[in-house]
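Me: I have just opened this one and would like to go through it slowly. Could you walk me through a few local details?

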Amino acid sequence: MIHGSTVATNALLERKGARAALVTTAGFEDVIHIGRQNRAELYNLTPLLQAPIIPRSMCFGVGERAYFNGTIAQSPSPAELARLKTRVRRARVESIAICFLHAYRNPENEKRVASALEGLAYLCASHDVCPEFREYERSSTTLINAYVGPLMDKYLGDLERGSHYPIAIMQSNGGFMSAKEARTHAVRTVLSGPAGGVVGAFEVSRLSGIPRIIGFDMGGTSTDVSLCDGQPRETLEASIGGLPVRIPMLDIHTVGAGGGSIGRVDEGGLLRVGPESAGADPGPACYGKGTRPTVTDAHVVLGRIAVDQLIGGGMHLDAGRAAKAVDSIARELKIGRIAAAQGILRVANANMERAIRLVSVERGYDPRDFALVAFGGCGGLHACEIAQELGIQTVLVPEHAGALSALGMLLADRVRDYAAGVLNRSDFEREFMRLERTARKDLRGAELIRSADIRYAGQSYELTVPWRPDDPAALFHEDHQRVYGYSNPGRAIQIVTLRVRARMVVKKPALISKRTLSRGEKPALRRIYSAGAWRDTPVYQRSNLTATAVRGPALVLDYGSTTLVPPGWLFSLDKFGSLTLLRRRTPLVRASARNPARRTQA
């Protein structure tokens, strides 16, 4: 049984993890509190500092030292270890993170301290969790593992006792691992659920003949976006709740925009939507308990969600309550109800468009070269409008879009990642072989894939590229050109970290839709507001659609999702049950000498 969990994510975001301690090299006790000098808000003269997940009093220094080349200059003495054990016991900690300077080169001192503290609490060390250089990111990742580890350990224990099947946990890198592995590497589950959605979106779109996609997963509280250029894109520079996590993760960007995101007018008189959400309780106003306007309420006011539409008619909505909530925005802005509802959706769309630009344009990709794959309960209601703003011509809404993350977990392989810091070293083959021996021991019969983090000499950050033993720099120059717009093949490179991924391919369910597409039925009509006007709009049940293309506007209803098709779009079902929407191109209007202000339109 493959399971996606938000236990680690929620504990980190809500700061409700275990009572943890950090054991580090004496003199480096402030590493978590100092962090980096990066300024998230360049022009904010009074930025709010990110509060660490543990107080300074829970950071313990140990007299030890390893040099950058791995030479042990000082080992902790027996007396030092005894004092540390007493201090940690008095602090009544639930978990301990051990992270020493240069332990990625030589973990001897970390192992010695871990042996001395064995049995006191949940224990993890940086050479096992994140064996890479940069002490701040390594300390943060190891500490997060200790912070969420005891919770995952208890959660998985309860889950295993209540299950008749072996449990596997979805990782942030798009593969799954055993529950035993997740107990000791809980930090690898912080994007467990969204990662399943990326895998599902990519596999469904690949079968439909579309390998280049932007995943758009819009739920009730947030939206997760990701880019797949022939395969899901990964990153090592993720941040969860403002804290750096340096492990291989799918490049997923999350924004606080979902069906439950609350609309409000700020102190400057501007309309804002999210990140605050109405959640499941009280939920949107139309659910019957909430009073504040949400994205879902705006859709109800505009007729896009009917009172008996959700979960196959099993949930009745209060349209009057939704209108009253949206009216509160209209009064503050001194506009009409329809304009207020439309404004809520436009602001929410703008937030999600920025997220898509971040994973595409800011990574060196043109979103117009990709299809937008919309899933989650709300994705289909916003996908076409967002695609139009970004110049995207194709939108795909998979079958069972509301449960695509679960499907992605069934399509995932078992994966383990291994890394070794090799800055200022040249014994690359020996390190690769060491990593591969460990990988074969953990996952017998797995496929082993080599890669490396490379940078130009003098740069601060690196790119991860597939390993070419004959010419390690070739793919790096190509990737650097795409990401940054330039490359310098004549410049010296540095190989910083070696990586090995062990992938064990597992049997997957077939995704070919077995149902026969029906001949179609005459749709009902509903008056909805779209593309700036009220329109009598055909409403189709997805199960009654055919492979014949139909012109919008339209609404397509399914048990777990709704898709809005604006005017100017065509839609149909493909043989895998995915709803394909194509934007019809309008004639080109070219600028003339008499009227140079007229712009060319596509």
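**Walking through the model**

Reply: A starting point is proline 553, which lies in the loop between strand 27 (550-551) and strand 28 (554-557), where helices (H or I, at least four residues) and strands (E, at least two) are DSSP runs numbered from the N terminus. The peptide bond that leads from glycine 552 into proline 553 is cis, with omega near 10 degrees. Please keep in mind that this is a predicted model, in which local features need pLDDT of at least 70 and side-chain atom pairs count only at pLDDT 80 or more, while totals for chains, interfaces and linings use all residues. Residues are numbered from 1 along each chain as its sequence is written, and side-chain values use heavy atoms, with hydrogens and water left out.

Me: And what about the bond from aspartate 281 to proline 282, cis or trans?

Reply: That peptide bond, from aspartate 281 to proline 282, is cis, with omega near 15 degrees, and proline 282 sits in the loop between strand 18 (271-277) and helix 9.

Me: Switching topic, how many disulfides turn up in the whole structure?

Reply: A search of the whole structure finds zero disulfides, a disulfide being a pair of cysteine sulfur atoms within 2.5 Å. Cysteine 99 is in none, and the nearest cysteine sulfur, that of cysteine 130, is 8.0 Å away.

Me: Why is cysteine 130 not bonded to cysteine 99?

Reply: The sulfur of cysteine 130 has its closest cysteine sulfur in cysteine 99, and because the two are 8.0 Å apart, they are too far for a bond. Cysteine 99 is buried, at a relative accessible area of 1%, and cysteine 130 is buried with a value of 1%; buried means under 20% relative accessible area, exposed over 50%, and partly exposed in between (1.4 Å probe, protein chains only).

Me: OK, helices next. At what angle do helix 10 and helix 11 pack?

Reply: Helix 10 (residues 319-333) and helix 11 (residues 337-359) pack at an angle of about 90 degrees, with their axes 8 Å apart; axes are lines fitted to C-alpha atoms, for helices over the stretch in contact, and angles run from 0 to 180 degrees between N-to-C directions. That makes helix 10 roughly perpendicular to helix 11, since angles under 35 degrees count as roughly parallel, over 145 as roughly antiparallel, 65 to 115 as roughly perpendicular and the rest as oblique.

Me: Which residues in helix 10 meet helix 11?

Reply: On the helix 10 side they are Ala323, Val326, Asp327, Ile329 and Ala330, which meet Arg337, Ala340, Ala341 and Ile344 in helix 11, with contact meaning heavy atoms within 4.5 Å.

Me: Last topic, how many salt bridges are found?

Reply: The search of the whole structure finds 41 salt bridges, each a side-chain nitrogen of Lys or Arg within 4 Å of a carboxyl oxygen of Asp or Glu. One of them joins aspartate 158 to lysine 154, with the closest N and O atoms 3.1 Å apart. These two are four residues apart in helix 6 (residues 135-161), so about one helical turn separates them.

Me: Is lysine 154 buried or exposed?

Reply: Lysine 154 counts as exposed at 55% relative accessibility, whereas aspartate 158 counts as partly exposed at 36%.
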